[in-house]
Amino acid sequence: LDDTVIVFTSDHGEFLGDYNCFGKRAMLDAASRIPMLVRWPGRRRGGRVCDTPVSLVDVMPTLLGAAGIGAEGLDLDGEDLGAIADGAGADRTVYSQHSRGADGLHMAVNRRWKYIWSAADRREFLFDRAGDPDETRSRGQLPLCRDVVRAMRANLMDRYRTRGHTEDLDGERWRLYDQPAVPADPDAWLLRQDHPWAEAKRAIPGYTDEA
């Protein structure tokens with residue numbers, strides 16, 4: 001094991017009673033933040049913590065680098081976690097998206113701030129990760145945070161434009177879609193975990209969920 005790199009991580013979190021919710025389709029830390037533990041003999045000393053934001057897209061370049069395989073010619077979004085840890089103190093923005101169109105959730109996160117655009121709510125959320133780590137209050141509508149919101153929004157939109165993903169953009173603003181109908185009872189969808197397309201798939205003759 002002296003020459004083995006071990007990465008322990010996961011897909012997503014779950015609301016297990018957080019904010020009186022359960023499920024996974026949100027950008028709050030309870031659903032979007034995951035463990036990222038790396039054992040790297042000879043490269044990293046055990047017990048160190050790096051608070052620079054990272055993402056699952058960083059796993060591939062990390063393992064390629066550990067194996068001595070160059071990534072030239074590969075259009076990778078991620079970075080080598082070892083290099084990120086070596087540059088401790090440098091900030092970085094990571095991104096996430098769930099769904100698109102009227103149901104889209106779009107997120108940009110750096111060490112201090114988390115910005116979220118919820119298309120269904122037609123609303124921007126901003127959380128102070130240093131002063132409010134439990135994400136109890138959005139500062140997205142505060143005049144004092146207007147410049148932060150503007151900068152985070154521009155950063156995320158520039159990312160989308162660079163990647164050719166502009167369907168949710170309307171110039172310098174987010175595209176506004178018809179808002180989905182929401183039941184008056186907040187518990188109406190409590191047990192719903194699948195998207196409508198999943199129900200449609202099950203209606204296909206011969207389709208089965210069994211492996």
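This report covers model confidence, cores, aromatic pairs, helix α2 and salt bridges in a predicted model.

## Confidence

The protein has a mean pLDDT of 86. Of its residues, 88% reach 70 or more. Among its elements, strand β7 has the highest mean pLDDT, at 98. Helix α5, residues 196–202, has the lowest, at 56. Where pLDDT is low, the predicted coordinates should not be read in detail.

## Nonpolar cores

The largest nonpolar core holds 14 residues. Tyr115, Leu126, Met152, Leu156 and Trp174 touch the most other members. Two elements, β7 and α4 (146–162), each give two or more residues to this core. Helix α4 gives the most, with 5 residues. In soluble globular proteins, nonpolar side chains tend to be buried together.

Leu156 shows how this core connects to other parts of the chain. Leave aside its neighbours within four places in sequence, and Leu156 is in contact with Tyr95, His106, Met107, Ala108, Tyr115 and Trp174. A second, separate core has 12 residues. Met27, Met107, Phe125 and Phe127 are among them. Met107 thus appears twice here: it belongs to the second core, and it is in contact with Leu156.

## Aromatic pairs

The whole structure contains 4 aromatic pairs. One of them joins Phe15 and Tyr19. Their ring centres are 6.0 Å apart and their planes meet at 75°, so the pair is edge-to-face. The angle decides this, because planes over 60 degrees apart count as edge-to-face. Phe15 is buried, at 7% relative accessible area. Tyr19 is partly exposed, at 39%.

Trp117 and Trp174 make another pair. Their ring centres lie 5.8 Å apart and their planes are at 5°, so this pair is stacked. It links distant parts of the chain, with the two positions 57 residues apart in numbering. Trp117 sits in strand β7 (residues 113–118), and Trp174 in strand β10 (residues 173–174). Trp117 is buried, with a relative accessible area of 7%. Trp174 is buried as well, at 6%. Ring pairs also bring in Tyr160, linking Trp117, Tyr160 and Trp174 into a cluster. Trp174 therefore has two roles: it is part of this ring cluster, and it is one of the residues that touch the most other members of the largest core.

## Helix α2

Helix α2 spans residues 59–66. Its buried residues are Val59, Pro61, Thr62 and Leu64. What covers them includes β1 (6–9), β4 (36–39) and α3 (81–86). Gly68 follows the helix. Its phi is positive, near 75°.

## Salt bridges

A search of the whole structure finds 16 salt bridges. One of them pairs Glu124 with Arg153, with the closest N and O atoms 2.6 Å apart. This pair links distant parts of the chain. Glu124 is in strand β8 (residues 123–128), Arg153 is in helix α4, and the two are 29 residues apart. Glu124 is buried, at 13% relative accessibility. Arg153 is partly exposed, at 22%.

Helix α4 also carries salt bridges within itself. Asp147 pairs with Arg150, the closest N and O atoms being 2.8 Å apart. The two residues are 3 apart in helix α4, so about one helical turn separates them. Asp147 is exposed, at 56% relative accessibility. Arg150 is partly exposed, at 42%. Arg161 and Asp158 form a further bridge, with a closest N to O distance of 3.1 Å. They too are 3 residues apart in helix α4, separated by about one helical turn. Both are partly exposed: Arg161 has a relative accessible area of 31%, and Asp158 has one of 43%. An α-helix has 3.6 residues a turn, so residues three or four places apart point the same way.

Salt bridges also form a network. It links Asp29, Arg33, Lys114 and Glu135.

## Helix α4 in summary

Helix α4 recurs across these sections. It gives 5 residues to the largest core. It holds Arg153, the partner of Glu124 in β8. It also contains the Asp147–Arg150 and Arg161–Asp158 pairs.

Note on methods:
Residues numbered from 1 in each chain as written. Predicted model: local features only at pLDDT ≥ 70, side-chain atom pairs only at ≥ 80, totals over all residues. Heavy atoms only, no water. Phe/Tyr/Trp six-rings, centres within 6.5 Å; stacked < 30°, edge-to-face > 60°. Buried < 20%, exposed > 50% of the residue type's maximum accessible area, 1.4 Å probe, protein only. Helix = DSSP H or I, 4+ residues; strand = E, 2+ residues; numbered from the N terminus. Core = buried A, V, L, I, M, F, W, Y, C linked by side-chain atoms within 4.5 Å. Contact = heavy atoms within 4.5 Å. pLDDT = per-residue confidence, 0-100. Salt bridge = Lys/Arg side-chain N within 4 Å of Asp/Glu carboxyl O.
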